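Trainee: I should like to learn how strands and aromatic rings are to be read in a model of this kind. May we work through an example together?

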Amino acid sequence: MKILIVHTMTPFQRTETDELAARLEKALIIAGHESEALRIPFQWEPADRITSQMLMVRAFELWNVDHVIAMGFPAFLIRHPKKTLWVLGYEHGHDLIDGNGVVNRPPDGEASELRMLIRNAENESFRESRRILVGAETTRQYLLEHNQVDAKVLVPPAGGADSRGDWSPIIEVLLR
Amino acid sequence: MKLVIFTPAKKVSSIGGCCALVSQELVAQGHEVTIVRTEIEGLLKSETHHFGAPVLPWTRTHQVTRVAEDADVLIYQIGDNYDFHKGGLEWLAALPGIVILHDFFLGHLFRAWSDSNRARGVEIVRAWYGEEMVKPFLTHSAPETFIEETKDRAPMIEWVCAMAHAVITHSSWGCERVVNSCAGPVRVVPLTYNKNLGSSLPGGMVYRPPGEKFAILTIGHVNANKRVESVIRALGTSPLLGGHSRYRLVGAIKPETATALTRLAKENGVDLVVSGEVDDGALLRAIEESDVISCLRLPSLEAASGSLVEALLNGKPTIVTDTGFYREIPSSCVMKIRPDNEVADIRSALEALFSDPAQREAMAAEGQRWALQTFTTENYVRELIHTIKDTMKTKPILNAVTYFSRVLAHWSADYDATGNEAIMEPLTIFGSSG
């Protein structure tokens with residue numbers, strides 16, 4: 001199967017999601033699939049650029065892909081009929097928008113409009129996905145509270161492990 | 001190029017007449033033209049102008065869809081008359097294209113359309129002009145009151161122009177609202193005119209036997225904005241003109257209007273002739289026999305005036321109101337009347353023209369020369385083709401904006417994508433080639 005892993009990136013910064021995506025790509029290939037990672041540039045600041053970045057992801061058209069595994073916002077807005085979300089560290093970005101951090105809080109009125117827009121976009125993406133998986137119980141609770149989505153927890157294997165044995169059950173769930 | 005033009009086609013439609021000239025020229029240049037006539041259902045069998053191209057009624061959905069899908073561009077002639085433009089509105093909403101805008105006030109068109117689209121109509125007025133402007137469109141007030149209430153604050157230009165890929169109009173004075181609402185190119189092109197010139201003498205002057213009265217003429221549908229009352233009052237207060245002039249009205253007129261104006265003329269000692277609606281030949285004779293044509297308008301709502309163009313092309317000395325489209329006419333070609341000093345200005349203008357035949361002749365000749373150079377079909381078609389090419393370049397951007405706006409609307413954002421630089425700026429790559 002041709003499986004595309006889609007996740008966001010910041011140039012010249014390596015995050016845990018980048019590492020996990022690289023390991024997943026390798027694990028999928030070892031499991032006999034064709035796999036590639038599509039890294040989409042994204043950053044939360046400035047706030048008035050968030051919408052255009054979301055739209056850009058939404059406008060992508062994917063061909064020659066059997067299954068998409070999307071990790072993180074706004075990567076999971078990408079359109080594909082067979083899409084699984086694996087949401088990791090999700091609440092962090094949302095907190096920035098909520099101003100509980102507060103590095104990127106737009107003016108009050110705009111903040112609430114932006115929050116609503118992000119939430120509606122997320123919910124649309126959740127509705128069109130085959131499965132919604134999260135990396136931790138806290139993320140599950142967060143989505144339940146804010147998006148009324150009851151996701152399943154799928155904890156990534158510990159760092160460094162890329163043997164077929166560690167990843168087999170994970171891949172099975174991701175492609176189910 | 002394959003063009004589909006949505007236009008009123010009925011013989012009496014001045015817009016249809018202009019369009020016929022344009023269509024014939026396009027066909028002569030090798031373009032393929034299909035006309036879709038847009039009048040209300042009851043008028044679709046009336047005799048049409050000669051377009052030199054096949055004519056379809058807008059109600060033949062399958063045929064119109066087929067030619068539209070096969071076309072390079074769709075063009076919509078839009079003016080403030082629902083009976084003539086109903087089909088254009090219906091198709092414009094479904095298949096956007098280039099709008100040729102003939103009026104800078106579309107309140108009557110909108111009000112008639114919204115009679116059968118009430119909820120959507122209210123939504124449109126509210127979105128463009130705010131809640132307080134909804135009422136005038138819901139209550140059927142008298143025409144003058146309705147125009148007064150809406151012309152400045154809710155002229156409904158934006159409603160049509162927002163649906164257009166591009167807009168061509170015929171003067172600059174009302175363009176701000178067009179530019180603010182149409183996402184594509186906007187171009188001002190002088191009207192092309194369809195009437196044959198009469199047999200007027202060079203400069204349009206009339207050799208009048210001694211004793212015959214000085215002839216002043218107003219043409220077109222007689223209503224309050226043609227300022228007939230003001231002309232009567234001006235003549236009535238002029239000892240110079242009072243007994244030596246005749247004022248003639250040629251055009252449709254309501255019986256009660258004719259009665260009221262006749263009474264006013266009698267009270268003011270003015271020789272008024274109300275001729276009513278006449279055929280093209282009689283209209284041309286009326287123009288030939290006139291010494292001065294009054295093209296006064298207040299308020300002025302048109303993008304251009306066929307009557308004025310006709311007067312100038314026939315080499316007639318003309319008085320106009322110093323407003324709107326008329327303000328843009330060179331002052332050497334017409335006499336301009338200030339709206340805030342109307343009766344006095346009309347009187348002094350007519351007296352000057354009456355007493356100075358040389359000035360009258362010079363102004364008429366200059367107006368005729370300017371009109372012959374300006375209101376040409378060749379120029380119109382050239383500008384139309386430029387606009388089509390510009391529109392083709394900007395279409396990818398507009399499609400992208402439409403796509404993004406739809407996505408945003410789906411995400412329930414109260415959001416105008418065209419106002420967001422972060423979204424619009426990257427899209428300019430689509431329009432940079434060619």
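**Strand pairing and aromatic contacts in chain B**

Mentor: Let us begin with a pairing of strands: β4(B) and β5(B) run parallel to each other and are joined by four bridges. Please keep in mind that the model is a predicted one.

Trainee: Which residue stands opposite B:Y76 in β5(B)?

Mentor: The partner of B:Y76 in β5(B) is B:V99. On the path between these strands lies helix α3 (residues 82–94) of chain B, and β4(B), α3 and β5(B) together make a right-handed β-α-β unit.

Trainee: In what sense does strand β1 (residues 2–7) of chain B pair with β4(B), and over how many bridges?

Mentor: That pairing is parallel as well, with four bridges between β1 and β4(B). Here B:I5 is found opposite B:I75 in β4(B).

Trainee: How should the two faces of a strand be read, and which residues of β4(B) lie on each side?

Mentor: The general idea is that side chains in a regular strand alternate between the two faces of the sheet. In β4(B), B:V73, B:I75 and B:Q77 lie on one side, while B:L74, B:Y76 and B:I78 lie on the other; both faces are covered, and all of these residues are buried.

Trainee: Why is strand β4 (residues 73–78) of chain B described as largely enclosed?

Mentor: Six of its six residues are buried, so β4 of chain B is largely enclosed by the rest of the structure.

Trainee: Let us turn to the rings. How many aromatic pairs does the structure hold over all chains?

Mentor: Over all chains there are 18 aromatic pairs. One of them joins B:F105 and B:F146, with centres 6.1 Å apart and planes at 65°, an edge-to-face arrangement. B:F105 belongs to the loop between β5 (98–101) and α4 (107–115) of chain B, and B:F146 to helix α7 (residues 143–150), so this pair ties together parts 41 residues apart in sequence.

Trainee: Are B:F105 and B:F146 buried or exposed?

Mentor: B:F105 is buried at a relative accessible area of 1%, and B:F146 is buried at 0%.

Trainee: Why is the pair of B:W113 and B:W159 classed as tilted?

Mentor: An angle that is neither under 30 degrees nor over 60 counts as tilted. The planes of B:W113 and B:W159 meet at 40°, with ring centres 5.3 Å apart, so the pair is tilted. B:W113 lies in helix α4 and B:W159 in helix α8 (residues 157–161) of chain B, so the pair links parts 46 residues apart in sequence. Both B:W113 and B:W159 are buried.

Trainee: Which residues form one aromatic cluster with these rings?

Mentor: The cluster consists of B:F105, B:F110, B:W113, B:F137, B:F146 and B:W159. In addition, the charged end of B:R111 sits over the ring of B:F146, 3.8 Å from the ring centre.

Key: Residues are numbered from 1 along each chain as its sequence is written. Chains are lettered from A and ligands numbered from 1 in the order in which they are written. This is a predicted model: local features need pLDDT of at least 70, side-chain atom pairs count only at pLDDT 80 or more; totals for chains, interfaces and linings use all residues. Side-chain values use heavy atoms; hydrogens and water are left out. Rings of Phe, Tyr and Trp (its six-membered ring) pair if their centres lie within 6.5 Å; planes under 30 degrees apart count as stacked, over 60 as edge-to-face and the rest as tilted. Buried means under 20% relative accessible area, exposed over 50%, partly exposed in between (1.4 Å probe, protein chains only). A charge sits over a ring if NZ of Lys or CZ of Arg is within 6 Å of the ring centre and within 35 degrees of the ring normal. Two strands pair if DSSP finds at least two bridges between them. A crossover is right-handed if, with the strands pointing away from the viewer, the path from the first strand over the helix to the second runs clockwise.
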